[in-house]
Amino acid sequence: MQHLIKAFASRTAFQRPFAMSTTSTDVIVVGAGIAGLIAAYNLTRAGKSVHVIEARNRIGGRAWSDDSLGFPVELGCMAIHGYVEGNPVRQYSSALGLNTKLLPNARGTLLTADGPLDKAVAGRLSSNLSAAMARLSSIASDSDALPKETSVADVLLAPSSPLYEGLLEEDRAMATSLARSLEIGWGISLEATSAYYAGWASGIAFAGSDGVVVGGYGKFAEALKTAAEQTGKGTFTLSAPVEKISQRDDGVHVLSQNGSTYHAQTALSTIPLGALKTLPGDFFEPSLPTRRQKAISRTSVGALEKLCLSYDSLWWDPDAGPFNLLTENAVILAIPLSTDPATLHVLLPHSALNLSGEDVHAMLAKAIAPGQTVPKPKKIFGSNWKTDPLAYGATSSPTMVGQDRTPLDFAEAARPVWNGLLGFAGEATEMNHRGSVPGAILSGQREAERILNLLNRRTDG
Ligand SMILES: Cc1cc2nc3c(=O)[nH]c(=O)nc-3n(C[C@H](O)[C@H](O)[C@H](O)COP(=O)(O)OP(=O)(O)OC[C@H]3O[C@@H](n4cnc5c(N)ncnc54)[C@H](O)[C@@H]3O)c2cc1C
């Protein structure tokens, strides 16, 4: 019996008795996150037939809006960073008939565990952090003077850092805590982040003002899918995890767990870095080049979770948010989303993932409204990207400390294989915009253009 089980388990996916070829298209896109949807949108509009195969029972990937409270709660991406600085989400939204809006530049309130921080101290801490960041970027841009093993913590938290300039001894720990607010976006600790490459892409990345898609990023994903379908060239299969992608004489074959094999001239994988790291060695056949495999293992995926706390009544000053709660190891950011129902949208960084929703509520209540009785949340829900096998983390992190690690690993991740027949897109393949929606968009655009050239060259030839 044992040998029979083994023999069955060792069958390659393409030897399955019930595997059947169902569709043949110009392009197969694996993954219906923003990168895959943008590629499908652009390719179908250029007249190519595209089949998008998605593992989840929904599209959007890490763009995931929960509408159960009657307004969008973003469990993945939320902000259009660089709203007036050229973020491509705005251009696509307008082409898709969606509205976007600029968010007010609210400074928010810094909180300690026991209540709001004195305004003068809070101002000093914030300006010290800006000065320390400026010093880090000037050291990093002259990085030949910096040993490669230097971490951001080595520079930013050094005793001589501008971070601590003019502070009383008892305020220094809060300055260190505030510096950890950088970890919210990076997903890893200051100690793990390379100072040599710190801010490497910051002159190029979309930053400055923030906006949102009205109705949420889920609507953005839906509109891209609808537009691709309306061309008559785009089809979608959901709930179909891909388990093998192979090069064959007639193009590319993609096998899904639903037992179907799909065929196309070319394919595009948008499988996120965290999931790529765990794929079996024979997922791609022929397997990925060694240099690519090394780049995948050198790059890391950071953690960030979203938590939503919804209440029967409002208990905070609606003009005071967002709230930045400084704890010993982390900054917990709570953004008021709505006053009716009163709702807080909380960003939990990597070092606060052990906290439950009730813990976070209790900490925020004590810090925002010390000494007062506040209502308990009537609804608590959130994300779990870290353990989600289709993501295994929030986004690719900045380059970590380590001799062989460089931002070029993200460029390596973007390179097509099999003479261009299999391409790669997704936020972790955009060296200058990794970890963001614009990164996903630009990667999808880049690959749509490359595939279009490839297919057109074949037709012309
Ligand atoms: C908590 C959080 C907050 C964020 N905040 C912001 C923000 O404010 N602004 C911003 O610009 N960015 C933000 N981001 C980043 C942004 O969400 C991502 O960069 C972007 O959505 C990634 O898109 P993608 O297409 O590369 O990947 P994904 O969205 O992950 O899409 C990949 C798709 O592939 C599917 N897939 C995986 N494996 C398989 C398989 N074997 N077979 C078939 N399908 C498969 C997945 O299910 C998924 O749908 C945030 C991310 C997180 C997690």
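**Ligand shell and strand pairing**

The shell around the ligand is made up of 22 nonpolar, 13 polar and 5 charged residues. The model is predicted. The points below cover the ligand surroundings, the annotated domain and the strands that pair with β13.

Ligand surroundings
- In total, 40 residues surround the ligand.
- The closest of these residues are G31, G33, G61, C77 and G426.
- Two helices and a strand, namely α2 (34-45), α13 (437-460) and β15 (304-311), each contribute at least two residues to the shell.

Annotated domain
- UniProt, in an unreviewed entry, lists residues 34-452 as "domain: Amine oxidase".
- Across residues 34-452, helix accounts for 29% of the chain and strand for 21%.
- The C-alpha atoms at the two ends of residues 34-452 lie 19 Å apart.

Pairing of β12 with β13
- Strand β12 spans residues 251-256 and strand β13 spans residues 260-269; the two are antiparallel and joined over 4 bridges.
- One bridge links V252 to A264, the latter in β13.
- β12 and β13 form a hairpin with 3 residues between the strands.
- In this hairpin, G259 has a positive phi near 95°.

Pairing of β13 with β20
- β13 also pairs with strand β20 (residues 422-424), here in the parallel sense and over 3 bridges.
- L268 has G423 of β20 as its bridge partner.
- β13 thus takes part in an antiparallel pairing with β12 and a parallel pairing with β20.

Methods: Residues are numbered from 1 along each chain as its sequence is written. This is a predicted model: local features need pLDDT of at least 70, side-chain atom pairs count only at pLDDT 80 or more; totals for chains, interfaces and linings use all residues. Two strands pair if DSSP finds at least two bridges between them. A residue is near a molecule or strand if its C-beta atom, placed from the backbone, lies within 6 Å of it. Ala, Val, Leu, Ile, Met, Phe, Trp, Tyr, Cys and Pro count as nonpolar, Asp, Glu, Lys and Arg as charged, and the others, Gly among them, as polar. UniProt positions are given in the numbering used here, feature names are shortened, and annotations may be inferred rather than shown by experiment.
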